[in-house]
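Welcome to this tour! Open your viewer, get your selection tool ready, and follow along one stop at a time.

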Amino acid sequence: MRTFNRAKILWSYLRGTAKVPALPVEYIVETTAKCNIYCPMCPRETHKQPKEDMADEIFRRLIGGAAQTGEHMMLIGLGEPLLDRAIFDRIEYCERHNISTLLSTNGTLLDEEAAARLLDTPLQHITLSFDGASKETFEHYRKGARFEKVRDNFVRFCRMKQERGSKLQIVLQMVRMPGNAHEVDAFRQFWSSIPGVDQVRVKEDETNLVTPEARAEEGGGRRCHYLWRGAMYVKHDGRVFPCCQSYMLDGAAVGDLRKQTLPDIFNSAEMQELRRLHAAGRSAEVDMCARCCTVIPHPLLVAGSLLLHGKWVRRAMPLVERLVYGRKLPKTLLAPAREELIQIERK
């Protein structure tokens, strides 16, 4: 079923059809809107969020609708996942429906007990966010978090993963901004030396909140793959957006899981209109798309991503990034290039 679903998405994407007889392979699912720190580059500072978790009914409705076609659930959003008391159960619930999961955490709550509980789940991928290499810089961008505590939490978690022989993929990520760019080398050097870390990523700020004068770069007139393959963004209250950037850029929801089914949402009039404009090379007419800074991959990469199961795509992308940034593949595959990544080779 999943292979057939991907084939239908690929055919629709290549033809640029507005109606897709399939469902997304990926979703970004905001299981909680709660957070315990303040980050100036986070969209929740311009889009105020309630202190609420996603209701079980909404979550189960999503997983039930995506059970035959969904391949990857990124259980992240504008909240800290470890504040969601049901997060461990949600990971298990996805696994029971053969859907792999990803988390991203600020690390403040990743104590030894939480680390052990996470490693006991079938979680496949986790991003550990650490925006600086010094106490001063880190605590400037992560207000309410203590540098030493989060660093030690991450180091211990990576060590525990290594000791258990876990296959969990750990990425240490830093968002590069004007105030921390000078610490990129130190960040790479430190985290590349920690056993258990699989990738070290330095990512550009795509929110433009810290540098609002930044503008979206042209993607060569490419149609946005998110509109065909996902990841769709599901807010904690059940509203569904074409992607996470569409919400951050004040785009309208294209559906609501409390009232509609996934097929109805994915092929809503709003989604079909977005696909028509992108397929016609008129994405600049959509305000949120014109202001979006997210990379649009070359159609060859999009096509390749639909030939493989989502979990293998996520594992393969770092290799593609290394080849592109190592100049062994043309940069146009990921133009405009927005990330630098180090893959840690472990024997």
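Which residues does Thr-108 touch, not counting residues up to four places away in sequence? Select Thr-108 and look around: the residues touched are Asn-36, Ile-37, Ala-145, Lys-149, Val-150 and Asn-153. Keep in mind as you go that this is a predicted model.

**Stop 1: around Thr-108**

Stay with Thr-108 for a moment. You will find this residue in the loop between strand E3 and helix H4. Thr-108 has a relative accessible area of 10%, so it counts as buried, the cut-off being under 20%. Now show side chains. The side chain of Thr-108 makes a polar contact with the side chain of Asn-36, at 2.8 Å. Another polar contact, at 2.7 Å, links the side chain of Thr-108 to that of Asn-106.

**Stop 2: strand E3**

Next, select residues 100-105, which form strand E3. Is E3 buried or exposed? Six of its six residues are buried, so the strand is largely enclosed by the rest of the structure. Colour the two faces separately to see this: Ser-100, Leu-102 and Ser-104 lie on one side, Thr-101, Leu-103 and Thr-105 lie on the other, and all are buried.

Now add strand E2, residues 72-74. E2 and E3 run parallel and are joined by three bridges. Click on Met-73 and you will find it opposite Thr-101 of E3. To see how the chain gets from one strand to the other, trace it from E2 through helix H3 to E3: this β-α-β crossover is right-handed.

**Stop 3: strand E4**

Select residues 125-129 for strand E4. How many of the residues of E4 are buried? Five of its five residues are, so to speak, under cover. On one side you will see His-125, Thr-127 and Ser-129, and on the other Ile-126 and Leu-128, all of them buried.

Show E3 and E4 together. These two strands pair in the parallel sense over four bridges. Two pairs are good to click on: Leu-103 has Ile-126 as its bridge partner in E4, and Thr-105 has Leu-128. With helix H4, residues 112-120, added to the picture, E3, H4 and E4 make a right-handed β-α-β unit.

What runs parallel to E4 and is joined to it by five bridges? That is strand E5, where Gln-169 stands opposite His-125.

**Stop 4: two helices side by side**

Hide the strands and select helix H3, residues 87-96, together with H4. The two helices pack at an angle of about 10°, with their axes 10 Å apart. Angles under 35 degrees count as roughly parallel, and therefore H3 and H4 are roughly parallel to each other. Phe-88, Ile-91 and Glu-92 of H3 make the contact with Ala-114, Arg-117, Leu-118 and Asp-120 of H4.

**Stop 5: His-182**

Move on to His-182, in the loop between strand E5 (169-176) and helix H7 (184-192). Is His-182 buried or exposed? Its relative accessible area is 61%, so His-182 is exposed, the cut-off being over 50%. Its side chain makes a polar contact with the side chain of Glu-183, at 3.5 Å. Select Ala-133 too: its C-alpha atom is 9.3 Å from that of His-182, and the two residues are 49 residues apart along the chain.

**Last stop: the whole chain**

Zoom out and show everything. The chain has 14 helices and 10 strands, and buried residues make up 56% of its 347 residues.

Definitions and conventions
Residues are numbered from 1 along each chain as its sequence is written. This is a predicted model: local features need pLDDT of at least 70, side-chain atom pairs count only at pLDDT 80 or more; totals for chains, interfaces and linings use all residues. Side-chain values use heavy atoms; hydrogens and water are left out. Buried means under 20% relative accessible area, exposed over 50%, partly exposed in between (1.4 Å probe, protein chains only). A polar contact is a pair of N or O atoms within 3.5 Å; within protein, one must be able to donate a hydrogen and the other to accept it, and residues adjacent in sequence count only if both atoms are side-chain atoms. Two strands pair if DSSP finds at least two bridges between them. A crossover is right-handed if, with the strands pointing away from the viewer, the path from the first strand over the helix to the second runs clockwise. Axes are lines fitted to C-alpha atoms, for helices over the stretch in contact, and angles run from 0 to 180 degrees between N-to-C directions. Angles under 35 degrees count as roughly parallel, over 145 as roughly antiparallel, 65 to 115 as roughly perpendicular and the rest as oblique. Contact means heavy atoms within 4.5 Å.
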